[in-house]
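Colleague: I am new to this structure and would like to learn how to read its features one at a time. Could you take me through them, giving the general idea and then the case?

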Amino acid sequence: MRVLLLSSNTEKITMIPLPLGLAMIAAAVKKAGHLVELVDLMDEEDDRQTIQKAISTFRPDVIGISVRNIDDQNMEKPRFLLDKVKRVVDDCRRVSSVPIVLGGAGYSIFPESALEYLGADMGIQGEGEEAFPALLDRLQRGVALRGLPGLYLRGRGLQGRRKFVKILDEVPFPDISFPRGPASGEEISMPVQTSRGCPMNCSYCSTPTIEGHAFRKRSPAAAVEEISRHVEAGVKTFHFVDNVFNLSLSHAKELCTRLIDRNLKISWRCILYPGRIDDELADLLARAGCVEASLGFESGCERILRAMNKNFSLQAVRRASAALKRAGVWHMGFLLFGGPGETKESSEQSLAFADSLDLDALKITIGIRIYPFTTLEKVAREEGVISAGDDLLFPRFYCAEEVKDWLKETVGARVADRPSWMIEAE
C-alpha cells in the first residue's frame with residue numbers, strides 16, 4: 001500500500017520538535033513492505049497546498065496524521081490546538097476519500113473524543129510500530145478490523161485491547177533522511193528515545209496513558225548506534241525525549257559510558273529524576289556531552305510532594321542539584337503550583353527552596369492541566385471542579401482556590417527580581 005504520513009504539529013511551545021514518533025512509524029511501515037511518504041507541516045507556509053500536492057503526486061491508499069498537542073497547557077490563556085489539526089483532516093478529505101488514521105501522543109490521551117472531534121475514520125492509541133502495519137495488512141486484504149490492538153473506529157469505539165512493544169531494540173530506527181527541521185537552516189537538536197513507559201504514577205501526569213506503566217529500555221548499544229548514524233550525517237546536537245532519562249540509574253550510566261567511549265563529540269540535553277542522581281552519574285553526564293538537564297522536582301514542600309505521589313525527598317533534590325553543579329552541567333528546575341492541598345505556606349516553602357538551590361534557571365507553572373485517568377482528575381471531579389460529563393478534551397485546569405489569585409501576584413513579583421526565573425507559557 002501507499003501510505004502518506006502527515007505530522008500536523010506546527011507548535012513550538014518550548015522548542016521546535018522533530019517528528020520522531022512518526023518517523024519511527026514510517027520505518028516500521030516501510031519494513032512491512034509498504035511505500036511511505038512523510039510530510040512535516042511544521043515549516044510549511046501553506047498547509048492546504050502542501051497536503052494537496054502530496055496527495056496528488058503520491059496517490060496514497062491510506063493517510064496517517066500524527067497529533068502531538070491538544071493545547072498549550074496555559075491556564076490563563078489556553079490555546080486549543082485541535083482546530084488546526086481538524087483543518088488538516090478536512091484538507092485531506094477535500095482531495096482524497098482514502099481512510100484517515102490518527103495517532104500520536106496527544107491523540108492517545110483522548111482516543112475517542114479526539115477522533116470524533118477531528119472527524120477522521122480511525123485512530124491508534126499508543127505505540128503504532130506494530131499496530132499500524134497490522135492495520136494496513138487488514139485494509140489491504142479487505143478483512144474485518146475487529147480485535148486490532150489499540151484501534152478506535154469513529155462511532156464504534158475500541159476494537160481491541162492495546163499492546164505495548166516489549167523489546168524496544170526490535171523497533172526499527174527512523175530513516176536518516178527523516179525531516180530535520182526548518183528550511184531556514186536553524187540548527188535543531190535531534191530527538192532520541194532510549195526508554196518508554198513510566199511506573200511512577202504522578203498524580204497529574206499523562207505519560208502512563210500514552211506509554212503505559214511498564215518501563216521498557218532500548219539497549220545502550222542500540223541507542224548509541226542510532227546516535228552515531230545521525231552524527232555521520234552531520235548532526236551534533238541531540239535531546240533525549242525519554243520521560244525520565246535516569247529512571248534506571250544503571251542504564252543511564254552505561255549509556256553515558258558508551259557515548260564517552262565512542263567520543264562522538266556531541267552535545268545533548270535530557271530530563272532527570274531527582275531521586276536517582278549521584279556524583280558518578282553527574283560526572284558521566286558531563287563527560288558524555290550533556291550540556292543541559294531538566295530537574296523536575298515540582299515542589300519545595302514535602303507535603304505537596306507526597307500529594308503529587310513523588311517518591312523523592314527535598315534532600316535528594318538538593319543533592320542532585322549540587323552534583324550537577326559540581327560536574328558543570330547546566331540545569332533547570334521546575335515548580336508546579338496550585339495542586340490539591342496547595343496553600344500560601346506550601347507555596348512560600350517551594351519558592352524559598354528553589355531560591356536555596358544553585359539552579360541555572362527555574363520554570364514556574366501556575367495551575368495544572370487535568371488529564372483523564374489521573375488521580376488529579378478523580379480529585380477534581382469529587383470537588384466539582386469538572387462536571388461528570390466533561391471528557392477533558394477541551395483544557396480544564398486545577399488551581400487551589402485559596403491561592404489562585406495570590407499566586408499570580410506573589411510569583412510574578414518573585415520572578416521580576418530573578419532574571420533566571422520564568423513563568424511557563426507567558
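**Reading the salt bridges**

Modeller: Let us begin with one pair: D283 forms a salt bridge with R287, and their closest N and O atoms are 3.5 Å apart. A salt bridge here is a side-chain nitrogen of Lys or Arg within 4 Å of a carboxyl oxygen of Asp or Glu. As for where the numbers come from, this is a predicted model, in which local features need pLDDT of at least 70 and side-chain atom pairs count only at pLDDT 80 or more, while totals for chains, interfaces and linings use all residues. Residues are numbered from 1 along each chain as its sequence is written, and side-chain values use heavy atoms, with hydrogens and water left out.

Colleague: What is the general idea behind such a pair, and where in the chain do D283 and R287 lie?

Modeller: Side chains of opposite charge can pair when their charged atoms come close. In this case D283 and R287 both belong to helix α10 (residues 279-288), where they are four residues apart, about one turn of the helix. Helices (H or I, at least four residues) and strands (E, at least two) are DSSP runs, numbered from the N terminus.

Colleague: Are D283 and R287 buried or exposed?

Modeller: The scale calls a residue buried under 20% relative accessible area, exposed over 50%, and partly exposed in between, with a 1.4 Å probe and protein chains only. D283 counts as partly exposed because its relative accessibility is 37%, whereas R287, with a relative accessible area of 52%, is exposed.

Colleague: Which residues meet in a salt bridge in helix α14?

Modeller: There the side chains of R381 and E377 meet at 3.0 Å, N to O. Because R381 and E377 are four residues apart in helix α14 (residues 375-382), about one helical turn separates them. R381 is partly exposed at 27% relative accessibility, while E377, with a relative accessible area of 15%, is buried. Elsewhere, salt bridges that share partners join E127, E129, R196 and R216 into one network.

Colleague: How far is R381 from S206 in space?

Modeller: The C-alpha atoms of R381 and S206 are separated by 17 Å, and the two residues are 175 residues apart along the chain.

Colleague: How many salt bridges are there, and which pair links distant parts of the chain?

Modeller: The rule gives a count of 27 salt bridges. One of them joins the side chains of R93 and D121 (3.1 Å, N to O). This pair links distant parts of the chain, since R93 is in helix α3 and D121 is in the loop between α5 (111-118) and β5 (122-124), 28 residues apart. R93 counts as partly exposed at 29% relative accessibility, and D121 counts as partly exposed at 26%.

**Reading the backbone angles**

Colleague: What should I know about phi, and which residues have a positive value?

Modeller: Most residues other than glycine have a negative phi, and most peptide bonds are trans. K265, which is not a glycine, has a positive phi of about 55°, and K265 sits in the loop between α9 (249-262) and β12 (267-272). With a relative accessible area of 61%, K265 is exposed. E298 also has a positive phi, near 70°, but E298 is placed in strand β13 (residues 290-298) and counts as buried at 14% relative accessibility.

**Reading the whole chain**

Colleague: How many helices and strands does the protein chain have, and why can it be called as compact as a globular protein of that length?

Modeller: The protein chain has 15 helices and 18 strands. Its radius of gyration is 22 Å, close to the 22 Å that the globule rule gives for 426 residues, so the chain is as compact as a globular protein of that length. The radius of gyration is taken over C-alpha atoms, and the globule rule is 2.2 Å times the number of residues to the power 0.38. Along the principal axes, the C-alpha atoms fill a box of roughly 60 × 55 × 40 Å, and buried residues make up 58% of the 426 residues.

Colleague: Where does M75 lie, and how far is M75 from L259?

Modeller: M75 is in the loop between β3 (62-66) and α3 (82-95), and at 14% relative accessibility M75 counts as buried. M75 and L259 are 40 Å apart in space, C-alpha to C-alpha, and 184 residues apart in sequence.
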